[in-house]
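Grab a pencil and open the viewer. Below are a few exercises, each with a solution worked out step by step.

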Amino acid sequence: MRPSASGKGLPESGAALERIAETLYHQGDYSTSAARYERVFAAYRREGSVAAAGRAARTLAWITGNVLGDWAVQSGWLARARRILEEAGPDGPEHGWVLILTSFSEPDMRVRESLLREAMAVGRRLRDPDVEFEALAYLGGLCVLTDRVAEGLVHLDEAMAAACAGELTDFATVDNMFCGFFWACELVNDVPRADQWMRTAADRMQGSTVVAAFCRAHYGGILTAAGRWSEAETELVEATRQFDRGVSARRDAAVIRLADLRVRQGRLEEAAQLLHGLDQHPDAVRTLAALHLGRGDTALARDLLERVTAGPDEAVPQVGESSMLGPLLALLVDVHLADGDVDAADRIARRLARIAEAQRGPYLRAAAALARGRVCVAAGRDDARACLHEALDGFARAQLPMELARTRLELAHALAERSPEVAVAEAKAALADFERLEAARYADVAGALLRSLGAPVRTGAKGVGALTKREGEVLRLLGAGLSNPEIADRLYITRKTVETHVGNVLSKLGLRNRAEAAALAARAKISR
């Protein structure tokens, strides 16, 4: 206990303790901050300040649950906050918080929406922006989950504007709002919206390490979808490192997204290492299934996807299915086609098409069109081109270059017999995109198709130019004199993976040992 200003050893005030607790939070000392907020809560209760005690309990819920990952502790503090705030009665802003907290455990979506709208009204009437925009942000997320994506994102835009304008005073509300916004953008693949707000909110993002780390995981997923893989890797590796510094329970979000990036790059061994121990994590399903498919383990991929997408094929899509279930069904179509089961792929593609109709955004409809087009190609139907052109248009509007390149490659397959010259052009365009993205596995498929059509395929330059980006990074670090363990730490990969990359570098460059590689790197001045 610190002495009071009067020197008589009286307990510190809740306000003084809260300033210390918030400072610890922004310094990244989350566990100590949570412990200090417990003292803040006790002090405000002792002082009889209902609103402040409720705020301390809500902040504890945020730190213990969303930052430290202790969901049971979070549940306890949310319940405590609600019960305390109820003491203030229905006439103050505390009632708005009670409505918001009540909405968290309400299973009926319509009732939950009613609670949030009532909380917004309370905040507006009493001019409490924290209540108003917390409720608005949650309403936006609810709309996204119930397939009212456009409406939900507009609500989230308004909440973000309020946060960036400095209208809010509660830092936990602001951090929660940022993370919810980027989660929604990642869920529906809204790359342009996320990019605009990331630039607009750059100063605010730098002001809180948790916002930076937690939102970097979601933003890294968005950048991966956008084909900006170098930026995505930077964001995801930094997020993982920040979580390693005391927020390990939240680390999985960044690791799963980094594994997804590795699968897209064709670096399947690294993806498998990242996903080790996460096979029961619900967020890892799609990435793990994609890894199985990439390795040719279609039975494992099919079993995993069928378990999480189980349901009658002809059933009317349930509210919220499009954003969560659609991408899994699209991948299941790929798995069935890899197995040669065109009938099963057709059945799932039709189910995906029905679900995609519920969402206005271009991504899922384009994914459904690609699935239909792939099935048509496999079945030899004439309507493949129309579906694939629809997919091209949708992926172009969604700014998703990997999916765009995959669609071009599928279009090349569809045109191979009837219009070989056009097929060659589409395959070359796809190959160029895959090479730019460094999606080696897909680049190999595009190259094989071009060769089958009698078209020349440009090969990479000999020497250093033949290395992948990661191999180039390893070569640069060899030139800097780093050991394998040091390279592993710097690149956030395992030592075994470093050994594999070093072996590839030596083989491709015709070198005998790492000393020769280091000398070559020094002579060539390999850039970052």
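**Exercise 1. Work out how exposed Asp 393 is, then describe its salt bridge with Arg 397.**

Keep in mind that you're looking at a predicted model.

Step 1. Start with Asp 393: its relative accessible area is 43%, which makes it partly exposed. The cut-offs here are under 20% for buried and over 50% for exposed.

Step 2. Now take its partner. Arg 397 has a relative accessible area of 53%, so it counts as exposed.

Step 3. Check the distance: the closest N and O atoms of Arg 397 and Asp 393 are 3.2 Å apart, and a salt bridge needs them within 4 Å.

Step 4. Place the pair. Both residues belong to helix α21, and because they are 4 residues apart, about one helical turn lies between them. In general, an α-helix has 3.6 residues a turn, so residues three or four places apart point the same way.

**Exercise 2. Find out which parts of the chain the salt bridge between Asp 346 and Arg 381 ties together.**

Step 1. Confirm the bridge: the side chains of Asp 346 and Arg 381 meet at 3.3 Å, N to O.

Step 2. Locate both ends. Asp 346 sits in helix α19 (residues 342-356), while Arg 381 is in the loop between α20 (362-379) and α21 (384-398), so the bridge links parts that are 35 residues apart in sequence.

Step 3. Look at accessibility. Asp 346 is buried at 14% relative accessible area, and Arg 381 is partly exposed at 33%.

Step 4. Zoom out: the structure has 32 salt bridges.

**Exercise 3. Describe the surroundings of helix α25 and the salt bridge between Glu 473 and Arg 470.**

Step 1. Count the buried residues. In α25, 9 of the 11 residues are buried, so the rest of the structure largely encloses this helix. Among them are Val 474, Leu 475, Leu 477 and Leu 478, but also Arg 476 and Glu 471.

Step 2. Pick out the bridge. Glu 473 and Arg 470 come together at 2.6 Å, N to O, and both are buried.

Step 3. Relate it to the helix. The two residues are 3 apart in α25 (residues 469-479), which means about one helical turn separates them.

Step 4. Follow the charges outward. Arg 470 and Glu 473 belong to a salt-bridge network that also links Glu 233, Arg 262, Arg 267 and Glu 270.

Step 5. Walk off the end of the helix: just after α25, Gly 481 has a positive phi of about 85°.

**Exercise 4. Decide how α2 and α4 are arranged: roughly parallel or roughly antiparallel?**

Step 1. Get the geometry. The axes of α2 (residues 30-47) and α4 (residues 71-86) come within 14 Å and cross at roughly 15°.

Step 2. Apply the cut-off. Angles under 35 degrees count as roughly parallel, and α2 and α4 are therefore roughly parallel. The crossing is left-handed.

Step 3. List who meets whom. Glu 38, Phe 41 and Arg 45 of α2 meet Trp 77, Arg 80 and Ile 84 of α4. That contact is made up of 3 nonpolar and 3 charged residues, with no polar ones.

**Exercise 5. Sum up the whole chain: how many helices and strands does it have, and what share of its residues is buried?**

Step 1. Count the elements: there are 28 helices and 0 strands.

Step 2. Of the 528 residues, 53% are buried.

Step 3. Consider the contacts between residues at least 6 apart in sequence: 59% of them join residues at least 24 apart.

How values were computed: Residues numbered from 1 in each chain as written. Predicted model: local features only at pLDDT ≥ 70, side-chain atom pairs only at ≥ 80, totals over all residues. Heavy atoms only, no water. Axes fitted to C-alpha atoms, helices over the stretch in contact; angles between N-to-C directions. Parallel < 35°, antiparallel > 145°, perpendicular 65-115°, else oblique. Left-handed = near helix turned anticlockwise from the far one by under 90°. Contact = heavy atoms within 4.5 Å. Nonpolar A, V, L, I, M, F, W, Y, C, P; charged D, E, K, R; others polar. Buried < 20%, exposed > 50% of the residue type's maximum accessible area, 1.4 Å probe, protein only.
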